[in-house]
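Subject: Handing over the structure, with notes

Dear colleague,

I am passing on to you the structure we talked about, and I would ask you to look it over before you read the notes that follow it.

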Amino acid sequence: MPTNRARDYKVRNIIFVINVLFLVVWMISKNINVYKVALIGAIYKLIWLPLIVCFFSLPIVSFIYWRKGSFKQSSKFLYLIVFSLLSIAFLLVST
């Protein structure tokens, strides 16, 4: 069974990867016509809703883990919350 530190490390990495993946998909869909190629359009249609749900729930998950860590300012989850909120702000401004 993994320790808390190892589990937190995995969760941090997963949250970061999902954030970056969402931003990449968002930038691609803003700059490229994803429906020009049917396969790419179908893949885009399949992943957009799960990515949006994950994207808006990630700051909440990060906050829960940050709270479990006694709100330490040196926690990486604090930085993930800030990164997630900045990504959401970028998404709302770029629309």
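Accessible areas here come from the Shrake-Rupley method with a 1.4 Å probe. On that footing, the protein chain exposes about 6,900 Å², and carbon and sulfur atoms supply 72% of this area. Please keep in mind throughout that this is a predicted model, and that every value below was computed from it.

The chain as a whole

The secondary structure of the protein chain comes to three helices and zero strands, and if you read along the sequence you will find the pattern α-α-α. Along its principal axes, the C-alpha trace spans about 50 × 35 × 15 Å. Of the 95 residues in the protein chain, 28% are buried. If you take the contacts with a separation of 6 or more, you will find that residues 24 or more positions apart account for 68% of them.

How the helices pack

Two packed helices are described by the angle between their axes and the distance between the axes, and I have followed that habit for the two pairs below.

I begin with helix H1, which covers residues 4–31, and helix H3, which covers residues 76–93; their axes come within 11 Å and cross at roughly 15°. Because angles under 35 degrees count as roughly parallel, H1 is described as roughly parallel to H3. The crossing of H1 and H3 is left-handed. On the side of H1, the residues that make this contact include Val 11, Ile 15, Phe 16, Leu 23 and Trp 26, while on the side of H3 they include Phe 77, Leu 80, Phe 83 and Phe 90. Sorted by kind, the residues of the contact of H1 with H3 divide into 13 nonpolar, three polar and three charged; among the charged ones you can look for Asp 8 and Arg 12 of H1 and Lys 76 of H3.

The second pair is H1 with helix H2, the latter covering residues 38–68, and here the helices pack at an angle of about 140°, with their axes 9 Å apart. Are H1 and H2 parallel or oblique to each other? An angle over 145 degrees would count as roughly antiparallel, and the angle of about 140° does not reach that cut-off, so H1 and H2 are oblique to each other. The crossing of H1 and H2 is left-handed. The contact is made by residues including Ile 18, Leu 21, Phe 22, Val 25 and Ser 29 of H1, and Tyr 44, Ile 47, Leu 51, Phe 55 and Tyr 65 of H2. The residues of the contact of H1 with H2 divide into 15 nonpolar, three polar and one charged.

Some residues to look at one by one

Two residues of H1 that take part in the contact with H2 are worth a visit, namely Leu 21 and Ser 29. Ser 29 lies in helix H1, and it counts as buried because its relative accessibility is 18%, where the cut-off for buried is under 20%. Leaving aside residues up to four places away in sequence, Ser 29 touches Val 34 and Tyr 44. Leu 21 is also found in helix H1, but at 42% relative accessibility Leu 21 counts as partly exposed. The C-alpha atoms of Leu 21 and Gly 41, which are 20 residues apart along the chain, are separated by 17 Å.

In the loop between H1 and H2 you will find Tyr 35, which is partly exposed, with a relative accessible area of 47%. Again not counting residues up to four places away in sequence, Tyr 35 touches Gly 41, Tyr 44 and Lys 45. Tyr 35 and Lys 45 are 10 residues apart in sequence, and their C-alpha atoms are 9.5 Å apart in space.

Finally, please look at the loop between H2 and H3, where both Ser 70 and Phe 71 have their place. Most residues other than glycine have a negative phi. Ser 70, however, has a positive phi of about 65° although it is not a glycine, and phi of Phe 71 is near 55°, which is again a positive value in a residue other than glycine. Ser 70 is exposed, with a relative accessible area of 56%, whereas Phe 71, at 41% relative accessibility, counts as partly exposed.

With best wishes

Methods: Residues are numbered from 1 along each chain as its sequence is written. This is a predicted model: local features need pLDDT of at least 70, side-chain atom pairs count only at pLDDT 80 or more; totals for chains, interfaces and linings use all residues. Side-chain values use heavy atoms; hydrogens and water are left out. Axes are lines fitted to C-alpha atoms, for helices over the stretch in contact, and angles run from 0 to 180 degrees between N-to-C directions. Helices (H or I, at least four residues) and strands (E, at least two) are DSSP runs, numbered from the N terminus. Angles under 35 degrees count as roughly parallel, over 145 as roughly antiparallel, 65 to 115 as roughly perpendicular and the rest as oblique. A crossing is left-handed if the near helix is turned anticlockwise from the far one by less than a right angle, and right-handed if clockwise. Contact means heavy atoms within 4.5 Å. Buried means under 20% relative accessible area, exposed over 50%, partly exposed in between (1.4 Å probe, protein chains only).
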